[in-house]
Amino acid sequence: MGSASEQILPKLPLEELLGEVQARLQAVVAAQNGVHALLEAVVSIGRDLELETVLRRIVEAAIRLVDCRFGALGVVGGDGQLAQFIPIGVTEGEIARIAEWPHGRGLLGLLIKEPEALRLEEISEHPESYGFPDGHPPMSTFLGVPIRVRDEVFGNLYLTEKNGGRHFDAQDETIVTALATAAGIAIDNARQYDATRRRETWLDASGEVTHVLLSGRDVGEALRLIVTHARAMTSSDTAVVAVPDMDGRTMRIAAADGAGADELNGLEFTAEGTLSAAVVASGEPRSVNEIRRRPEPSPLLDRLPNGPALLVPLGAKPQVRGVLVLVKHRGGAPFFGPASRMVHAFANQAAIGLELADARRETERHGLVDDRERIARDLHDVVVQRLFASAMSLTAAARLIDRPDVAARVERAVDDLDATIRQIRSTIFALQSSSKDDAAPTLRGRLVGVMESAGEQLGFAPGLQLIGALDNAVPDEVGEHLVPVLQEALSNVVRHARASRVDVIVAAAGGRVRLVVSDDGIGLPAQRRNSGLANLAERADALGGTFDVRPGEAGGTALTWEVPLR
């Protein structure tokens, strides 16, 4: 029997060997668990075909696989910057406190320029570290892996803050790299599905809008359809159509859908210096990653979400009818590539529908002009001549009547016939003025043009009565004031009245011309700016006339502008 030391020594190598075997078995088990977890992650990200959902699931799966707190996926745009950034693990409150959304600088930019896996124990120690913006949660450890789709870098997967204060190791890098490979396939499938679905949505929406426009229904209804479909196509929170007013200095929200739509409908804002006005002027779409509030109050911006925005013109220069504005809440995915192109195509199709509707109305108007010419000719050649002959016969018969009361009744009948003839002749003037499109624009034609323009802004056709020989009786000096007065009066109705009916009377009689514009709107506000009304009053004073605006008899507002014909 040996000594005690001789019995212990042979056991040491065996214990070390058993320990090594146990460690290797644990590594195998861990590897198997990692493989199972990776397979489950691959299955989970390929379970859905919605691109936004797939991208979020990729980040969530990566966080679970390497056991970390934060993860994000950055989509690289055509300009080499981050077109989309999807964070997981950061609350909405934390997102709202971040001063600036990632653009693709610093370490994120390094991964875009050099799409290779990057693993760091301390972010701040790397020479490319750009630092974090104000309000950003603190982060130290980092693992970044590129995601490729068909040999093209789609974006990068970013992971930070491994739980338990540990660092990312080589196994984490291997697992996330494998996940990124599977993610590329899932993203490719989702993009193809998304493109097909977008085309179907675009075709359905364009067909519905065009049908509404060409069926003769209200343009306002078509605009409401445009914003509803555009918001659904892009998963936006708010969508509006802003149109420039007649004076070009202001813009008005003609249709709104989504968050805050009730407050936005009919809202007016100054056009100068706004992105909306820039898009209308250029005819080119614009996108921003974040709407920035102005120091001074802004009627539109203060009511919109403060996230990414896309502005698309309705039509092409020089016939841009307005701008479609789509906005998401802060932290939402910016508008990029396919979505922007789809909305632009949809807006162009909608603008073509609006143009076709205008052409249809113009054709109907020309048909109406032909009918007016025929009616005017029949009135002049038949009705007026017969009435005139009847009046002459009654005048001759009155001289043969002995009873004064009967003679007086006949003379009153003759006066009524004369008044009727004057009214019919005024109607003939109004009917004939619409057929003089090829000649120099007459006063009547200019007034009708102002009314048609106002009808587009109001969303309905205002009533118009033109009484008397306006083209012959009204001097050019007076006419040069009358047209802008009507334009300013209708512009006030469009901007402020919220009316469903507007009636305009322009009459030349008794050596004076009188303009009356009445509406059934909300009436005169208790406190109002008088700049536009003061302009109308000054024009009346300059011509020796009068100007008055007061509440209408049945509600709304009645405006009267009257000047002598000299």
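I took contact to mean heavy atoms within 4.5 Å. The model I am reading is predicted.

**Entry: Ser236**

I began with the contacts of Ser236. Setting aside the neighbours within four places in sequence, I found Ser236 in contact with Arg231, Leu326, Val327, Lys328 and Phe335. I then looked up where Ser236 sits, and found it in the loop between helix H7 (219-234) and strand S6 (238-244). Is Ser236 buried or exposed? Its relative accessible area is 4%, so I noted Ser236 as buried.

**Entry: two prolines and Gln84**

I looked up Pro334 next. Pro334 belongs to the loop between strand S11 (322-327) and helix H10 (337-398). Its relative accessibility is 6%, and because buried means under 20%, I counted Pro334 as buried. Apart from neighbours within four places in sequence, Pro334 has contacts with Ala83, Gln84, Phe85, Asn289 and Pro308. For Gln84 I also read the C-alpha separation: 5.7 Å from Pro334, with the two positions 250 residues apart along the chain.

I did the same for Pro102, which is in the loop between helix H4 (92-97) and helix H5 (106-113). I read 23% relative accessibility for Pro102, so this residue went down as partly exposed. Beyond neighbours within four places in sequence, Pro102 is in contact with Leu82, Phe85 and Leu108. From Pro102 to Gln84 I have 18 residues in sequence and 9.1 Å in space, C-alpha to C-alpha.

Phe85 appears in the contact list of Pro334 and in that of Pro102. I therefore looked up its rings as well, with pairing set at centres within 6.5 Å. Phe85, Phe142 and Tyr158 make up one aromatic cluster. The count of aromatic pairs by this rule is 2.

**Entry: the open sheet**

Which strands form the open sheet, and in what order? I wrote down 5 strands, ordered S12-S13-S14-S16-S15, with mixed pairing. Strand S12 (463-467) and strand S15 (546-551) are at the edges; each has a single partner strand, so one side of each has no neighbour in the sheet. The average turn between neighbouring strands is 10°, direction ignored.

I followed the pairing from the S12 edge. S12 and S13 pair in the parallel sense, over 5 bridges. Gly463 has Asp503 in S13 as its bridge partner, and Asp503 in turn has Ser518 in S14 as a bridge partner. Strand S13 (residues 502-509) and strand S14 (residues 512-519) are antiparallel, with 8 bridges. Within that pairing I found Ala508 opposite Val513 in S14. The hairpin of S13 and S14 has 2 residues between the strands, and in this hairpin Gly510 takes a positive phi near 60°.

I picked one residue of S12 to check, namely Leu466. Leu466 has 10% relative accessibility, so I counted it as buried. The C-alpha atoms of Leu466 and Val506 are 5.0 Å apart in space, while the two residues are 40 apart in sequence.

**Entry: helices on the sheet**

Which strands do H12 and H14 touch? H12 packs on the sheet with contacts to S12 and S13, and its direction makes about 170° with that of S12. H14 also packs on the sheet. I have H14 touching S13, S14 and strand S16 (557-564), its direction at about 10° to that of S14.

I then looked at the two helices against each other. Helix H12 (residues 443-458) and helix H14 (residues 476-497) pack at an angle of about 10°, and their axes are 10 Å apart. At that angle H12 is roughly parallel to H14, because angles under 35 degrees count as such.

On the H12 side I listed Leu443, Arg446, Leu447, Val450, Met451, Ala454, Gln457 and Leu458. They meet Gly479, Glu480, Leu482, Val483, Leu486, Gln487, Leu490, Val493 and Val494 of H14. Sorted by class, this contact of H12 with H14 comes to 12 nonpolar, 3 polar and 2 charged residues.

Methods. Residues are numbered from 1 along each chain as its sequence is written. This is a predicted model: local features need pLDDT of at least 70, side-chain atom pairs count only at pLDDT 80 or more; totals for chains, interfaces and linings use all residues. Side-chain values use heavy atoms; hydrogens and water are left out. Axes are lines fitted to C-alpha atoms, for helices over the stretch in contact, and angles run from 0 to 180 degrees between N-to-C directions. Helices (H or I, at least four residues) and strands (E, at least two) are DSSP runs, numbered from the N terminus. Angles under 35 degrees count as roughly parallel, over 145 as roughly antiparallel, 65 to 115 as roughly perpendicular and the rest as oblique. Ala, Val, Leu, Ile, Met, Phe, Trp, Tyr, Cys and Pro count as nonpolar, Asp, Glu, Lys and Arg as charged, and the others, Gly among them, as polar. Two strands pair if DSSP finds at least two bridges between them. Rings of Phe, Tyr and Trp (its six-membered ring) pair if their centres lie within 6.5 Å; planes under 30 degrees apart count as stacked, over 60 as edge-to-face and the rest as tilted. Buried means under 20% relative accessible area, exposed over 50%, partly exposed in between (1.4 Å probe, protein chains only).
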